Amino acid sequence: ADHIRVSPPDENRLWMTVTLKSPADLFVYDPEGRVIGKEGSALPGATFEFDENGHQIVSLPALDDGDYRIVLRAVGDGGLCHLEIKGFQGDTELVSQEEPFVIGPHEVFTTEISASDFTEGGTIRFEVPEAKLENDFDGDGICDDSDIERVSSLWNLCEGESEFDAFFDFDDDGCITVLD
């Protein structure tokens with residue numbers, strides 16, 4: 001709206017965007033383990049949006065020291081993905097890097113970005129996402145209670161119900177049951 005004005009970014013503030021162009025869902029965890037993704041955000045000031053092409057974009061308006069974990073969960077049969085990271089200082093783009101990779105059905109990929117490498121060296125270093133432990137839905141390297149709680153919270157949901165997430169329907173029978 002015309003009456004809403006957004007202030008330009010502070011010229012000294014370091015921030016970044018993570019864009020996923022793919023058949024996967026994007027989740028970004030900050031160094032404290034707070035997450036932003038299609039299901040909402042626990043990161044203060046961070047935003048999640050879909051652009052006009054359906055690409056998912058997470059904007060992190062201020063970087064904390066530590067590593068940011070990017071988690072990608074396949075949608076449907078998966079396929080070719082492109083993960084793009086852009087780093088900014090104020091409104092100046094400092095670095096941009098895009099990596100292609102292929103994700104398969106029900107796969108979870110993770111990668112990390114070190115905020116300290118970015119803030120100290122002016123570059124973002126990230127690898128092509130690698131598959132982690134099977135059923136490690138939050139990409140923290142272990143299959144634990146939080147992963148089990150994630151799938152069990154969806155039990156008995158079927159296609160057509162608003163909270164149904166086909167990713168967790170491992171036997172592809174249209175319902176998320178104890179077998180999944």
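This passage reports the nonpolar cores, the disulfide and the largest pocket of a predicted model. Residues are numbered from 1 along each chain as its sequence is written. Local features need pLDDT of at least 70 and side-chain atom pairs pLDDT 80 or more, while totals for chains, interfaces and linings use all residues, and side-chain values use heavy atoms, without hydrogens or water.

The largest nonpolar core (buried Ala, Val, Leu, Ile, Met, Phe, Trp, Tyr and Cys residues joined through side-chain atoms within 4.5 Å) contains 25 residues, and Val-28, Leu-60, Ile-70 and Leu-72 have the most contacts inside it. Among the elements giving two or more residues to this core are strands E1 (14-21), E2 (24-29) and E7 (67-74); strands are DSSP runs of E, at least two residues long, numbered from the N terminus. A separate core of 12 residues includes Val-108, Val-151, Leu-157 and Phe-167. Leu-60 is in contact (heavy atoms within 4.5 Å) with Trp-15, Met-16, Val-28, Leu-43, Ala-46 and Tyr-68, leaving aside residues up to four places away in sequence.

One disulfide (cysteine sulfur atoms within 2.5 Å) is present. Cys-158 and Cys-175 form this link, with an S to S distance of 2.0 Å. Cys-158 belongs to strand E12 and Cys-175 to strand E13, so the pair ties together parts 17 residues apart in sequence. The link is right-handed, with 110° about the S-S bond. Cys-158 is partly exposed at 22% relative accessibility, whereas Cys-81 is buried at 0%; buried means under 20% relative accessible area, exposed over 50% and partly exposed in between, with a 1.4 Å probe and protein chains only.

Technical notes:
Helix = DSSP H or I, 4+ residues; strand = E, 2+ residues; numbered from the N terminus.
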